[in-house]
Amino acid sequence: MKLTRLLSGLQPVRQCTSTRLATLLAMLTLVLSGCGGGGSGGSSEPPPASGGGGTPSAQTLFPLVDRAFWVYSIAGTEARVRVLGQQTTTSGPAWAIELDTAGAKETAYYRTTASAAVELNSLSADPTTRVLGDHDLIRFPPEPEATWVNHRIRFHPLADFDGNGVADSGLWESQTTVIGWESVTTPAGAFARALLVRTVDTQTPTELDRSAELRITVTSDSWYVEHVGLVRNVTTATGPGGNGRIESLLTAYRVGDARSDRDAPQIAAQSPAPGTLARTAIVQVTFDEPMDPDAANLAQALVLLGPDGQPVPATARWTGDRSIQLEPGQALVSGRHRVEVRDTLADVFGNRLAAPTEWTFDIDALGPQPTAFLPGDGATAVTLTPTLEIRFDEPFDAASVTADTLQLVSPFGPVAATVEVLPQALRLVPTQALDFGARHEVQLAAGLRDALGNAGTEARWSFTTDGGRFALPRPLADGSGHLQMRAIDLDVDGRLDLLTATISPRDASVVDLLWWPGQGDGTFATPQRIPSEPGCQPASFDVGDVDGDGLQDLLIADNRCAPHWSRRTGPVTFEPAGSIGTGRRYLARGIRLAEDSGRLGLLALQDYDVWLHRQASPGTFTEARHPALNAPGVRDMRVADLDGDGLDDWLVARAEGADVAGGCCTLEVWTQSPPGLLAATSRLRIPLGLFPTVLTVADVDGDGRPDLLLGGRDAEQRNRVAILRNRGTLLFDPPRWVDVPEALVALGVGRFNADGQRDLLTVHGNTYSLAVHLADGSGAFLPPEVYRSTAFATMTPDALTIADFNGDGFDDVAAFGLVWIQRGRVDPFGGRRSAR
């Protein structure tokens, strides 16, 4: 027997109360239950008394067969004993028996021979038990009053029996006696013939620190039934601390074909329940009694079939002795699933299910899925004030809608909008008008949940807004931007071309002069590079006949080199013609001087100093820093005939400081009136009510005289344009003010509808946008239509060109390296094509 826990329970004898003794007996009984466990083939009912049916043997009274088990009730605690099988040990072949008491498991080893059922204490993991040695539980044939000694040993210091803190030694005696045959009744059945065997263990400690002798006696009565094994055990203990008794009774067993239960197991619970809807599932089947985990191949006994009727890869395992759990190896797809429970499953008694069972449940593994987008994905010409809507295939939890659930994004960033929750739909309403001709994307974030908690995945759809009066802009070419653009029919084919000073896409420090041949439809062929002085970096150019040969040449200001010019040598060919001065310049304006016989000269800007490069003879230049023209704060300059005398005049916008209210800023007009050569006496100064950033000259009112337009910030930091109408003989009206959306980088005048009036175009660098201000017929302008681009390219005041690139009679725009072509339609009143 296992006596380790017996000894530990008996340590302090002086304090061994009846409660403590009962606990000791309970532990001892668990061990004895394990020792008595066993089983073999027998009848299917509790076997009757053997009577004259033959002499009992170790194989019948102590039956050990594979998969045999017994269940005992010991003082309200259930103990399970099962045969693990035969094993090869150091003592030879032996049967391994497992005792499981409330999850605490032990293993003991036994051997049956013709003469005895032997407990192999020598194989115990406990050193104290090994000292006891192997002993016979029952000897055969079992004759009443047969007695044998199991052991008589002296134990060396083992436990502190007298409570003095020192382990004591003593004598341990054990003797077994066959009492005889009796009838026994247990929860597992009534047995008419059971062999009672009594084992008495006596422990007598010696060398105690007291005068009285201490003796502890434990008596264990065990009843064995043929073909069943141990069915009952009563253990009593006596000692100075008191007396105790505990009983173990067989409640269930299976030994071969003999069993205490022949009822088929029933399914007590199913999960998911039949007919339910779930987002995912781990299938679980629970039975009404303990099941045999080895009765069937679990992977074949419990099967999950998907909506396609095919088995779902899954792992089946027992969770406890009554439940099987089937965990899918992959996420379950939406649809109807079927669980099949095969009748190969059996309870611990070997009783199989009465019939196969199956049930179905539905899986909704997906969150709300979009079914429709309004406007549709890829829609074009969508209004600038749309109501956007996304519809779903199922209701969703409104609480899962957050500020990030649905967003509208334009090429320029997120668009402010409000979200409305509708039954099975979300509505998105922008709080501002959308951009013309822009691709917008509606983004649905993951996380919108249905009633089961399934989170929907992200979704996106896009649409393009109405382009307004322009078709979608076309890029000229990849690059970092253009420093200057000029529309000109360079090859004289009747189609406008473009000349550009373009920052190279390969190296931002390189600027190329390019000629873009116009195709007549608003597109341009592959550009051709115009040669210039080696190692130079053109910053600005002007076009004119320098050498008087009737061909348009180029005057070039340069960031690295002195001003130079390129001679036109053929219809579309140029060659560098040399420098026309010293020192770098960054702004070039061609001017024809009467004193030089109308030959083309150059006004160039360097560090706010104005240099005049005169052409004394064809192709030969002189330069001078013109004192009369110089003053600090030159912001921009232009050349035009303002007084109608046929001679070029010079305009310069100055800002001497930043105090607009204090009169920092002026517009100066220099004419070639006698005595000529831009004399100081010919200067007109016009105070400005804004800090100028851009200056241009254009006929705003259509009277044939160039008007003055300046853009900048006023004293209140408003971005504005001042329009000074030219009344002739250098008389200008007070400025008319036009508010613009943001800081200006360029401005111009063109015809952008069919009313015959000239409209204002402003260009804004912060948002890379154009703003069209339509003339209202009274000299004022309507609120702007803003057209933003995604070019994000360099822009300068000279990089804006307004011209009719496709020959339809309406102005188009080139800016930011893009070309906006005005869209036309039939005018029902005049039969003309007109811009919108």
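**Pockets, strands and buried residues**

The lining of the largest pocket divides into 13 nonpolar, six polar and ten charged residues. This comes from a predicted model, and the pocket itself has a volume of about 770 Å³. Its lining comprises 29 residues, with Arg-638, Thr-696, Val-697, Ala-698 and Leu-800 lying nearest the centre. The elements that contribute two or more residues to this lining are β32 (481-488), β40 (587-592), β44, β48 (690-698), β54 (746-750) and β58 (801-803).

The second largest pocket holds about 510 Å³ of space. Here 20 residues form the lining, and those nearest the centre are Phe-69, Arg-82, Met-291, Pro-293 and Val-348. By type, the lining of the second largest pocket divides into nine nonpolar, one polar and ten charged residues. Strands β2 (77-89) and β3 (92-101) each supply at least two residues of this lining, and β2 gives the most, with five residues.

Strand β44, already met at the largest pocket, also belongs to an open sheet of four strands, ordered β44-β45-β46-β47 with antiparallel pairing. Each of β44 (634-640) and β47 (683-687) has a single partner strand, so these two stand at the edges and one side of each is left without a neighbour in the sheet. Direction ignored, neighbouring strands of this sheet are turned by 15° against each other on average. Within the sheet, β46 (residues 665-670) pairs with β47 in the antiparallel sense over five bridges, and Glu-668 stands opposite Arg-685 in β47.

A further antiparallel pair is made by strand β8 (residues 168-186) and strand β9 (residues 189-206), joined by 16 bridges. The two strands form a hairpin with two residues between them. In this pairing Ser-174 stands opposite Asp-201 in β9. As general background, strands of a sheet pair through backbone hydrogen bonds, either parallel or antiparallel.

Two individual residues round off the picture. Val-218 lies in strand β10 (residues 216-225) and counts as buried because its relative accessibility is 3%, under the 20% cut-off. The C-alpha atoms of Val-218 and Thr-202 are separated by 6.5 Å, although these residues are 16 residues apart along the chain. Ser-410, found in strand β25 (residues 406-410), is likewise buried, with a relative accessible area of 6%. Neighbours within four places in sequence aside, Ser-410 is in contact with Val-415, Asp-435, Arg-439, His-440 and Arg-788.

Technical notes
Residues are numbered from 1 along each chain as its sequence is written. This is a predicted model: local features need pLDDT of at least 70, side-chain atom pairs count only at pLDDT 80 or more; totals for chains, interfaces and linings use all residues. Side-chain values use heavy atoms; hydrogens and water are left out. Buried means under 20% relative accessible area, exposed over 50%, partly exposed in between (1.4 Å probe, protein chains only). Contact means heavy atoms within 4.5 Å. Two strands pair if DSSP finds at least two bridges between them. Axes are lines fitted to C-alpha atoms, for helices over the stretch in contact, and angles run from 0 to 180 degrees between N-to-C directions. On a 1 Å grid over the protein atoms alone, a cavity is a set of points where a 1.4 Å probe fits but cannot get out, and a pocket is an open set with protein on both sides within 12 Å along at least five of seven lines; lining residues have an atom within 4 Å of a point. Grid points are joined across faces, edges and corners, and a volume is the space filled by probe spheres set on the points. Ala, Val, Leu, Ile, Met, Phe, Trp, Tyr, Cys and Pro count as nonpolar, Asp, Glu, Lys and Arg as charged, and the others, Gly among them, as polar.
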